[in-house]
Amino acid sequence: MNTTHLLLSANSRHHSNDTSGNCSTIPAMSLYELLSVLPSQLQTHVDSADDRTFLHAMFRERSLHSLIKIHERLQQYEECCPTPVLDRATSLAQGVSRELQATSLNAEVKELLKLLSNPYMESLLSVHDTVAQKTYEPQLPPLPDDIDDDEDSVKIIRLVKSKEPLGATIKRDEHTGAVTIARILRGGAADRSGLIHVGDELKEVNGIPVDDKQPEDIIHILAQSQGAITFKVVPGMQQESPAKEPKMYVRALFDYNPEEDKAIPCKEAGLAFRKGDILQVMCQDDVTWWQAKHDGHTSGRAGLIPSKHFQESVLQLSFSLIVSLLFSPPASFRRSFRLSRRDRKTNKSMYECKKSDRYDTADVATYEEVTTYRRAPTEKHRLVLLVGPTGVGLNELKKKLLISDPQHFSVTVPHTSRQKRNQESDGVEYHFISKHLFEADIQNNKFIEYGEFKGNYYGTSLDSIRSVLAKNKVCLLDVQPHTLKHLRTVEFKPYVVFLKPPPVEHLRETRKNAKFLSGKDDKGSAKPFTEEDFMEMINTAQQMENQYGHLFDKVIVNDDLSAAFSALKVTLRKVELEAQWVPVGWTHS
Ligand code: 5GP
């Protein structure tokens, strides 16, 4: 069995070494022959020696020769109008293999068996069958002859049904009963066909008149039909604007499941997403329903999502209901203040007095327009904000990061109004300032948060962050989540990491021998975790996620400390090196 022999004999038919041809013979030459004679013509036609060398090299390039050979071979076959001898080469090859295996295996039989079981050969035969059976080219039945001549404004559209939905929604005018195309989903089957447009009036589906039908009945007809579907439509006046892909990206700030949405006109056309997902908005023509795709899903059709305006009105409505149900803010609304755990009641943040902070849903979080941002090497580092419930291990992770690379990571130095102790130095443990100055700074909103302990003020200032960033270091700051929205500024471009506790059974296992500062006693001594601490940690984490989850760039579960540390390091490295999604305002300042 000699396959190379076959190839060579085929080549010899086309390969000519005759380079004696002159220009007059060129038209009769094949492209391949022309390529062979070109080098000998260069001397007379190209003056520059450099150009000749270059062209010589190019014309001798093996890949060019192969390409031309393939081109010629294809052309030759096209001219012959080949028809397949059989259209089941794959099953023939399998049958041959079976028969051969039953015979005595001499060298040639073995070689043939090997050839037939080669994956490339199998793929080649399968492609052959696809082409031979023309399964790529669906057979459309002929158009009906009985179309009225006077229906010249009627369009007959034939689409082949696949598993993919049509990607169009319809609506029925209650007065006239007319069924029209309400929207075409970008990238869907209807959109790609270019045949159906918004505003087209649907007259018939597969010969069944639809004027008297409800949209659900029409959908039922579509669902029942197999293969080709014939639509009779009267083209609408309103033509869609050219489908240019708008480059608007948003971060979803809420979870959305069309299955549970009573307002969506067509649940099947909806796009489900989770809080934090990045969506590409493809079309905003409809004020209520936008069309969007998940970022990175290049193919496929767009789905319907509630528009910003519509979702805001839904949320506003539910928020006013909640507010009217609440007689007064619940006194038991729990806050845990990390920086002064010993005395929570005296802890404040500069924004805390504003009542609205307690109910951030008032901000009607819907979508945030985002864009990609990659920090230039000359720019300051992004501020790294760490958020999580007390006891989850935020401080340990922060310390581990600092120890791992003290030249790179740093933390802020707090301010206090208490007296400096002997072993302390100003600007190291604290910035020591007078009570009077501290109060003035509070008034001037200089603190992200502050608290009072034993008659003294303690607090973290915005300037203390600036001074870390000015040293070209990554500033690690653990904060209460309600401060996030105030720190999300173009100046700090914060990257927010939420540290989440694992399920309670893991907490019991991993925190068996751990101690923590519970903040429940004034002595501030570390204590072992109780079952109640675990439950509180999980509940607080859940509450934080529900209320502020849309502001978290990354969620890391602190199950095993070293695994969480590695995950955090990898994440922070990526923040420095890779492009990240940030609010649009952060990039054009
Ligand atoms: P000390 O006076 O012993 O250094 O600290 C007293 C308390 O002040 C500690 O519980 C410590 O956690 C708290 N503290 C230290 N820095 C800050 C800060 O920046 N903000 C708040 N609210 N408390 C702080």
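**Notebook: cysteines, a parallel sheet and aromatic pairs**

Entry 1, cysteines. I looked up cysteine 475 and found it buried, with a relative accessible area of 0%. I note here that the model is a predicted one. Cysteine 81, in contrast, counts as exposed, at 56% relative accessibility. I then asked which cysteine sulfur is closest to that of cysteine 81. It belongs to cysteine 80, and at 7.6 Å the two sulfurs are too far apart for a bond, since a disulfide requires sulfur atoms within 2.5 Å. For the structure I recorded a count of 0 disulfides.

Entry 2, the sheet. I traced an open sheet of 5 strands, whose pairing is parallel and whose order is S14-S19-S13-S20-S23. Which strands stand at the edges? They are S14 (409–410) and S23 (554–557); each has a single partner strand, so one side of each is left without a neighbour in the sheet. Strands of a sheet pair through backbone hydrogen bonds, in parallel or antiparallel fashion. I followed the edge strand S14 to S19 (residues 474–478): the two run parallel and are joined by 2 bridges. Within this pairing, phenylalanine 409 has valine 474 of S19 as its bridge partner.

Entry 3, helices across the sheet. I examined helix H11 (residues 394–404), which lies across S13 (384–387), S14, S19 and S20 (495–500). Its direction is at about 165° to S19. Helix H17 (residues 561–577) lies across S13, S14, S19, S20 and S23. I noted that H17 runs at about 165° to S23. I also looked up lysine 400 and found that it lies over the face of phenylalanine 565, at 5.1 Å from the ring centre.

Entry 4, aromatic pairs. I recorded 17 aromatic pairs in the structure. One of them joins tyrosine 249 and tryptophan 581; this pair is tilted, with 5.0 Å from centre to centre and 40° between the planes. Tyrosine 249 lies in strand S7 (residues 248–252) and tryptophan 581 in strand S24 (residues 580–583), so the pair ties together parts that are 332 residues apart in sequence. I checked the accessibility of both partners. Tyrosine 249 is buried, with a relative accessible area of 17%, whereas tryptophan 581 counts as partly exposed at 22%.

I next turned to phenylalanine 516 and phenylalanine 529. Their ring centres are 4.2 Å apart and their planes stand at 5°, so I entered the pair as stacked. Phenylalanine 516 lies in strand S21 (residues 515–516), and phenylalanine 529 in the loop between strand S22 (527–528) and helix H16 (531–548). The two residues are 13 residues apart. Are these rings buried or exposed? Phenylalanine 516 counts as buried at 10% relative accessibility, and phenylalanine 529 counts as buried at 14%.

I also listed one aromatic cluster, formed by Phe254, Tyr256, Phe273, Trp290 and Tyr367.

Entry 5, serine 461. I located serine 461 in strand S18 (residues 456–461). It counts as buried, at 4% relative accessibility. Which residues does serine 461 touch, not counting residues up to four places away in sequence? I found His415, Lys446, Phe447 and Ile448.

Conventions. Residues numbered from 1 in each chain as written. Predicted model: local features only at pLDDT ≥ 70, side-chain atom pairs only at ≥ 80, totals over all residues. Heavy atoms only, no water. Pairing = 2+ DSSP bridges. Helix = DSSP H or I, 4+ residues; strand = E, 2+ residues; numbered from the N terminus. Contact = heavy atoms within 4.5 Å. Axes fitted to C-alpha atoms, helices over the stretch in contact; angles between N-to-C directions. Phe/Tyr/Trp six-rings, centres within 6.5 Å; stacked < 30°, edge-to-face > 60°. Buried < 20%, exposed > 50% of the residue type's maximum accessible area, 1.4 Å probe, protein only. Lys NZ or Arg CZ within 6 Å of the ring centre and 35° of its normal.
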